[in-house]
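This report describes a single protein chain, moving from its aromatic pairs to one helix and then to the chain as a whole.

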Amino acid sequence: MAYVPAGVAVRSQFSRGGRLTHLDLHFDATCLRHRLEAGALDAADLMARAVALPEAPDVAAVARLLARELDPEASALARDALATALAAKVFASAGPAATAPVRGGLTSRQLATIDALMRAEMRRRLAVSEMAESVGLSESRFAHAFRESRGQSPHRALQAMRVKAAQRLLQDPEHSIAEVAAEVGFADQAHLTGAFGTMVGQTPGAWRRARIAEQDSTIPDSFSQDNPVLLP
């Protein structure tokens, strides 16, 4: 796994023959710089030098997830989130020492990797073991460190992310609640309703009706005194 700045020649040498699987990503320089700066990294320094990771199982795990999303039918949002997570992990190895974990929890870079993975893969079952692998930790160590950092389990955090995504979709009346449930990764409408009720305090249907009522109340009355109508 390596990052090579634009214009730098690359040579590869193999010690033995066999099948080669290659994933080659090209980043827009402006976009990459903005994302590095958003992570409080020295973009100019990092982008100017090559970075090589001889053995990086956690980075390879994210790369494998990204490779699965290369199908034209896959979500562009998922590809973007995974590509960002992959770049973050590669550059983290070349930048300054990672931020110290909070109370024995995960570093800020590890949390960013997990957040990107959850956003990209929320539509399917995402195992804790897979999250742990993406940051190079054992499942038990990861679960403990995540709770230390976020005050909740990884599963709970993923459910909260799905519920927030559902709230955005529910504001469009064209989507049925069952469709929303499937779109954000819940097994069915009942599964969404249970999680939604726990976290929001309402069923998805009641929450949607309340939002629609709020929107209706903000629509100005065309025949009010404040909005006179001039008749011919």
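A residue is called buried when its relative accessible area is under 20%, and exposed when that area is over 50%. The structure to which this cut-off is applied here is a predicted model.

**Aromatic pairs**

Phe146 has a relative accessibility of 0% and therefore counts as buried. Phe142 is likewise buried, because its relative accessible area is 0%. Both residues belong to helix H7, which covers residues 139-150, and they are four residues apart, or about one turn of the helix. An α-helix has 3.6 residues a turn, so residues three or four places apart point the same way.

The chain holds two aromatic pairs. Phe142 and Phe146 form a tilted one. A pair of this kind is described by the distance of the ring centres and the angle of the planes. The values for both pairs are set out below.

| Pair | Centre to centre | Angle between planes | Arrangement |
|---|---|---|---|
| Phe142 and Phe146 | 5.8 Å | 50 degrees | tilted |
| Phe196 and Trp207 | 6.0 Å | 70 degrees | edge-to-face |

The pair of Phe196 and Trp207 links distant parts of the chain: Phe196 lies in helix H10 and Trp207 in helix H11, 11 residues apart. Phe196 and Trp207 are both buried.

**Helix H10**

Helix H10 runs over residues 189-200. Its 12 residues should span 16 Å at 1.5 Å a residue, and the 15 Å between its end C-alpha atoms agrees with this. Within H10, the residues Leu192, Ala195 and Phe196 are buried. These residues cover an arc of only 100 degrees around the axis, which means that they lie on the same side of H10. The exposed residues Ala190 and Thr198 are carried on the face of H10 turned away from its buried side.

Which helices do the buried residues of H10 pack against? The partners are helix H8 (154-170), helix H9 (177-183) and helix H11 (204-217). The last of these, H11, also holds Trp207, the ring partner of Phe196 in H10.

The two ends of H10 have their own local features. At the start of the helix, a side-chain oxygen of Asp188 comes to within 3.2 Å of the backbone nitrogen of Ala190. Just after the helix, Gly201 adopts a positive phi of about 90 degrees.

**Ala83 in helix H4**

Another buried position is found in helix H4 (residues 76-92), where Ala83 is placed. Ala83 has a relative accessibility of 14%, and because the limit for a buried residue is under 20%, Ala83 counts as buried. Leaving aside residues up to four places away in sequence, Ala83 touches Phe27 and Leu66. The C-alpha atoms of Ala83 and Leu65 are 9.6 Å apart in space, with a separation of 18 residues in sequence.

**The chain as a whole**

The secondary structure consists of 11 helices and two strands. Along the sequence these elements follow the pattern β-α-α-β-α-α-α-α-α-α-α-α-α. How much of the chain is buried? Of its 232 residues, 34% are buried. Among contacts with a separation of 6 or more, 61% are between residues 24 or more positions apart. The chain exposes about 14500 Å², and carbon and sulfur atoms supply 54% of this area.

Key
Residues are numbered from 1 along each chain as its sequence is written. This is a predicted model: local features need pLDDT of at least 70, side-chain atom pairs count only at pLDDT 80 or more; totals for chains, interfaces and linings use all residues. Side-chain values use heavy atoms; hydrogens and water are left out. The expected span of a helix is 1.5 Å times one less than its number of residues. Buried means under 20% relative accessible area, exposed over 50%, partly exposed in between (1.4 Å probe, protein chains only). The arc is that of the directions from the helix axis to the C-beta atoms. Contact means heavy atoms within 4.5 Å. A polar contact is a pair of N or O atoms within 3.5 Å; within protein, one must be able to donate a hydrogen and the other to accept it, and residues adjacent in sequence count only if both atoms are side-chain atoms. Accessible areas come from the Shrake-Rupley method with a 1.4 Å probe; for residues, only the protein chains shown count as cover. Rings of Phe, Tyr and Trp (its six-membered ring) pair if their centres lie within 6.5 Å; planes under 30 degrees apart count as stacked, over 60 as edge-to-face and the rest as tilted.
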